[in-house]
Structure formats: structure tokens, C-alpha cells
Amino acid sequence: MLAEIPAAIIKESPKKTEELKRLHGDKESMRCIRAIILLTLCGIAILSTSRAIPEGPYTVIEVHDGATISGTVKWSGEPVKPLSVPITKDIDVCDPQKAKSRDLERIIVGPAGGVENTVVYLVDVTRGKAMDLPETRRLLDQKSCRYVPHVSLVQADTEFRLKSSDPILHTIHMEGAADFNLPFPFQNQFIARTLHKPGIIDLKCNAGHVWMSGIVLVVRHPYYAVTDGHGDFELTNVPPGEYQIAAWHESWKVAREEPVLDVGSQKMTKRLFFGDPITIQKKVEVKASAKATVNFQLSAP
């Protein structure tokens, strides 16, 4: 994996020289600067671990001669092992296949190496097409004690609709750009919440189903895509120009395990917590009515 150098330092490296010298000394600062220049000149992607996806205002325009950006996110290096935990509650509903454990879906790599559930988006785009996020990404279902989809995309200042197909108690705990605790005591019950603040929301079940986790990205523009089972993505009707394009993936590295309360049974259980997500950024230029290809690689730290 590439060294984690904040994108802001890359962008403003000439301005940071004196600050680096002051903070780290001449020898250390010059080593950092040389690394920054080398990475920039070689066009190598820069990784960061920001949990936020900051966005400014966005204006809808009529896009003429729109372009398409597509590509694939691939796994590189040693094969990654899926992370699973035992299914310990409501087994008849949560484990219909009698598997006894559940993949946490934090990292899914297909047979050809494509990485599923990576979010690819244009950074700081301010003008473009109208919102057209997929309906399937704007409605969350709790089905067999899983969040479907695992990654949701919701336009800021609009409703996020949630339901439960399971005939048991679920309680969604939302934390991040929005904070809610939403109980679902009844099957096929719908609840809606308006999400105003752009950013990332972590989803967890507080009703003892500690393997349940999901991500919601609240966004202000439509140039977002979630990679499929082959690791493929596509952004359409992009205004011609130069952009930064990013691939964002939630962390699959376990940071710690903590006791948590099952609100249903009022007993303590344990849940895994994970490290910061990974963001890779690259430059891309798209021309009128043309197609551009950008590929990304993820690997173990």
C-alpha cells in the first residue's frame, strides 16, 4: 500500500516547505518534500484515511457532449480473507442457510480480483447533471439480519427510507453525519429520515445482531458510483474537463472489540470496531462525448 500522505499537502506542497522545516527539521522536511514531488511527478495515487467526504455547493446545468468515466477497482497482493463472526441470536431469521456465521461484508473480492462496494466519485465537482442516484441505493432493508444494500447513497436534504423485512426487533444506530436510534419492532415497517449534512454515516444494529453493519454516504452531487461484484464502476454525462476522481473504501482492519448493550435483551455483548476508511485519488481528463478509463488498486496495509 502506498504511504499515507494527505492530499492537501500534495496540493499545497510549495506552501508547506517552510512549515515542514519548522516542524521536522531540514533533513526530515526535505525527505518528505522529495517524496511528495516524486509521487506527484509519477502520477501515483495518494491515499488518505479521511472519514469525511467534504463537498461544496453544486449547480445543476444542462450538460452538452457529456463524457463517461469507467474503470475497475482491483485487489493487489496477497489474497484477503473475509471477516466473519458467529450468528448468536434469532438464528431462524438471521441464519436461514444454517451457515452459523456471517461475513461482515467489510471487504469483498471477486474471483477476478474486483473489489465490491467501493465508492468512486468526482472530488469537488460544482456543476453538472441533475441528481440520478439509483433508487436501490436510497432505500435500506434489513433482511435476514443484513443491511441491503451494504452501501447506500442519499442526496443531502432528502429522505432516506428504511424498512425491516425481518419479523424480529432491529434497532438501527446511525452515527456520523447524522445520529439516530431507530427501532423496528414490526415487519415491513417503513421509517424515513431527512439527511441534511453531507458525509458518512455508520449503521449498526443495537438489538444484539452485532454482525450487522452498513454505510450511508450523504452527497450533494450525482457523480458517485458503487462498484459491483466485478469491481466495475461507471460515471455518466460528465461535463468535459479535468477532475480529481477518488475511490473510497471502508476499513476492513479491526481496530478493537468493545462490550455493547443489546437493547432487546438488556444484556451485554461484544462488537468489532474498525479503523479509518481508505481514499485513493487520481487525476482524470475527459473530453466531449468521449470515454475515459481510470483503474484503482487496493491492498492490505
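A pocket, as the word is used here, is an open set of grid points with protein on both sides within 12 Å along at least five of seven lines. In this predicted model, the second largest pocket holds about 460 Å³ of space. Its lining counts 29 residues, and those closest to the pocket centre are Lys204, Arg271, Leu272, Phe273 and Phe274. Several strands contribute two or more residues to this lining, namely β4 (84-86), β17 (199-205), β18 (213-219), β22 (254-262) and β23 (267-274). Among these, β23 gives the most, with 6 residues. Sorted by class, the lining of the second largest pocket comprises 12 nonpolar, 6 polar and 11 charged residues.

Enclosed space was examined next. A probe the size of a water molecule, rolled over the atoms, shows where empty space is left. The structure contains 1 cavity of 30 Å³ or more, and about 50 Å³ of space lies in the largest cavity. The residues around the largest cavity are Arg102, Asp103, Leu104, Glu105, Cys145, Arg146, Tyr147, His150, Trp211, Met212 and Ser213. Two elements, β5 (101-103) and β11 (146-148), each supply two or more residues to this lining. By class, 5 nonpolar, 2 polar and 4 charged residues line the largest cavity.

Strand β11, which helps to line the largest cavity, also belongs to a sheet. Here 4 strands form an open sheet with mixed pairing, in the order β11-β10-β13-β16. Because β11 and β16 (190-195) stand at the edges with a single partner strand each, one side of each is left without a neighbour in the sheet. From one strand to the next, the twist averages 25 degrees. In general, the strands of a sheet pair through backbone hydrogen bonds, either parallel or antiparallel. The pair formed by β10 (residues 139-143) and β11 runs antiparallel and is joined by 3 bridges. Within this pair, glutamine 142 has tyrosine 147 of β11 as its bridge partner. Tyr147 therefore appears twice in this account, since this residue is also part of the lining of the largest cavity and pairs with glutamine 142 across the bridge.The chain as a whole gives the setting for these features. Its secondary structure comes to 4 helices and 26 strands. Of the 301 residues in the chain, 45% are buried. Among contacts with a separation of 6 or more, 70% are between residues 24 or more positions apart.

Methods: Residues are numbered from 1 along each chain as its sequence is written. This is a predicted model: local features need pLDDT of at least 70, side-chain atom pairs count only at pLDDT 80 or more; totals for chains, interfaces and linings use all residues. Side-chain values use heavy atoms; hydrogens and water are left out. On a 1 Å grid over the protein atoms alone, a cavity is a set of points where a 1.4 Å probe fits but cannot get out, and a pocket is an open set with protein on both sides within 12 Å along at least five of seven lines; lining residues have an atom within 4 Å of a point. Grid points are joined across faces, edges and corners, and a volume is the space filled by probe spheres set on the points. Ala, Val, Leu, Ile, Met, Phe, Trp, Tyr, Cys and Pro count as nonpolar, Asp, Glu, Lys and Arg as charged, and the others, Gly among them, as polar. Two strands pair if DSSP finds at least two bridges between them. Axes are lines fitted to C-alpha atoms, for helices over the stretch in contact, and angles run from 0 to 180 degrees between N-to-C directions. Buried means under 20% relative accessible area, exposed over 50%, partly exposed in between (1.4 Å probe, protein chains only). Contact means heavy atoms within 4.5 Å.
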